[in-house]
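I sat down with this one to see how the fold is put together. My notes are in the order in which I looked things up.

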Amino acid sequence: MRRLFFVLSVLTCLLLCGCADNNTEEYSKTIFAMDTVMDLKIYSSNGDDVLTQAENEIKRIENLLDRGNENSEIYKINQNKSDVVSEETATVITNALSVSKETGGAFDITIAPIIDLWGFYGNNFRVPSDTELQAALENVGYEKVQLDGSNISIPDNTLIDLGGIGKGYTSDMLAKLLRENDITSAIISLGGNVQTIGKKPDGSLWTVGVADPRDTSKHIGKLKISDKAVVTSGGYQRYFERDGVTYHHIINPDTGKSAESGLASVTIISESGTRADGLSTALFVMGLEKSIELWRRSNDFDAIFVDDNGKMFITEGIKDNFESANNYEIIKK
Ligand code: ADP
Ligand code: MG
């Protein structure tokens, strides 16, 4: 009797699962927000409502964190220099500051005055003089940000910009929203910040391509993953040229100039999109050797590095999930 009950339960379960699968359809949406193109793809029996909620969530976070939006909390901090912020904003800033500490300041949310001098914010590109950069660097330094609960203060000429971590945070919040809505299969790309939820509807892993920094129409490798964020930072993503010199948007906070660490791109694979976003920017600034040291001390991310000569390095945690036609070196703990 007990065995019959067991067999019936299994059959019922199979039938239910089968039905759910048959009713699952692909729902997708493309949204322009945070100065980038966002693609959301979810598999569900009724995805339209969830996609609308996701779009609202993106807009909500943009209104909270975009320093260019007069109503955002970051705009107000930059204006007032001392303010009381929401718990959410305080948490994002806390996470950003912890990446700064961990990376010896390679990631720095007070880099904003330097970004402005180069015109990367608003795409009014120019090459600032060394004197201008040195003066602006006086106001840069993550340790200048005083955060005590919800009370935040920054010195008079300091500015905060969460551009290096905001999309990662947004992808975490979208993943949370989708899971709360019982979505078990989804992939979202926020301007190249990829976040996967569960596996593909057929139960196989998602494939995420890693762009070739020298020719971004091509992939230099492919990752097979589930429930992870994959975030790439590269000098090729935003740059301008003057007099034959290329200047890109990832700044070394020590010099105020485009980071020249010998790396062309860094891809971080982590459960947290926020962390992956912050670390991808920081490790790009730090260069290969220091990044490997940091990876060896940590246990919650993996990385793919492409250097300026096109040589590839991957950390061993992803060795069974990475494919490439090119040679690559596996970095061990
Ligand atoms: P993107 O946002 O273009 O995908 P990143 O995540 O690497 O790329 O972030 C780069 C953005 O972060 C820049 O456009 C700039 O606003 C900001 N930024 C640049 N250098 C740094 C840095 N060293 N630390 C923190 N943020 C930075
Ligand atoms: Mg980043």
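These entries go from the whole chain to the sheet, the helices and the core.

**Overall.** I'm working from a predicted model. I counted first: the chain has 9 helices and 19 strands. I then checked the radius of gyration, which is 22 Å; a compact globule of 333 residues would come out near 20 Å, so the two agree. The C-alpha atoms fill a box of roughly 85 × 50 × 35 Å along the principal axes. I also looked up burial, and 50% of the 333 residues count as buried. The accessible surface is about 16,400 Å², with 47% of that on carbon and sulfur atoms. Of the contacts between residues at least 6 apart in sequence, 57% join residues at least 24 apart.

**The sheet.** Which order do the strands take? I traced β1-β2-β6-β7-β10-β15-β16-β17-β19, an open sheet of 9 strands with mixed pairing. At the edges sit β1 (25-33) and β19 (328-331), each paired on one side only. From one strand to the next, the twist averages 15°.

**Start of the sheet.** I went to β1 and β2 next, which are antiparallel and share 9 bridges. Here K29 has L40 in β2 as its bridge partner. The hairpin leaves 2 residues between these strands, and M34 has a positive phi near 50° there. On to β2 and β6: antiparallel again, this time over 5 bridges. L40 turns up once more, with I188 of β6 as its bridge partner.

**Other end.** How do β17 and β19 run, parallel or antiparallel? They are parallel, with 4 bridges joining β17 (residues 312-315) to β19. I found F313 opposite E329 of β19.

**Helices on the sheet.** I looked at two of them. Helix α7 (residues 166-180) lies across β2, β6 and β7, at about 20° to β7. Helix α8 (residues 273-286) lies across β7, β10, β15 and β16, and makes an angle of about 160° with β15.

**The core.** Which residues touch the most other members of the largest nonpolar core? I got L40, I93, I160, L162, L283 and F305, out of 67 residues. I picked L162 for a closer look: beyond its neighbours within four places in sequence, L162 contacts L65, I74, V92, I93 and I109. There is also a second, separate core of 17 residues, with Y43, I187, I269 and F322 among them.

Conventions: Residues numbered from 1 in each chain as written. Chains lettered and ligands numbered in written order. Predicted model: local features only at pLDDT ≥ 70, side-chain atom pairs only at ≥ 80, totals over all residues. Heavy atoms only, no water. Pairing = 2+ DSSP bridges. Axes fitted to C-alpha atoms, helices over the stretch in contact; angles between N-to-C directions. Contact = heavy atoms within 4.5 Å. Core = buried A, V, L, I, M, F, W, Y, C linked by side-chain atoms within 4.5 Å. Buried < 20%, exposed > 50% of the residue type's maximum accessible area, 1.4 Å probe, protein only. Rg over C-alpha atoms; globule rule 2.2 N^0.38 Å. Areas by Shrake-Rupley, 256 points an atom, 1.4 Å probe, with all protein chains shown as cover.
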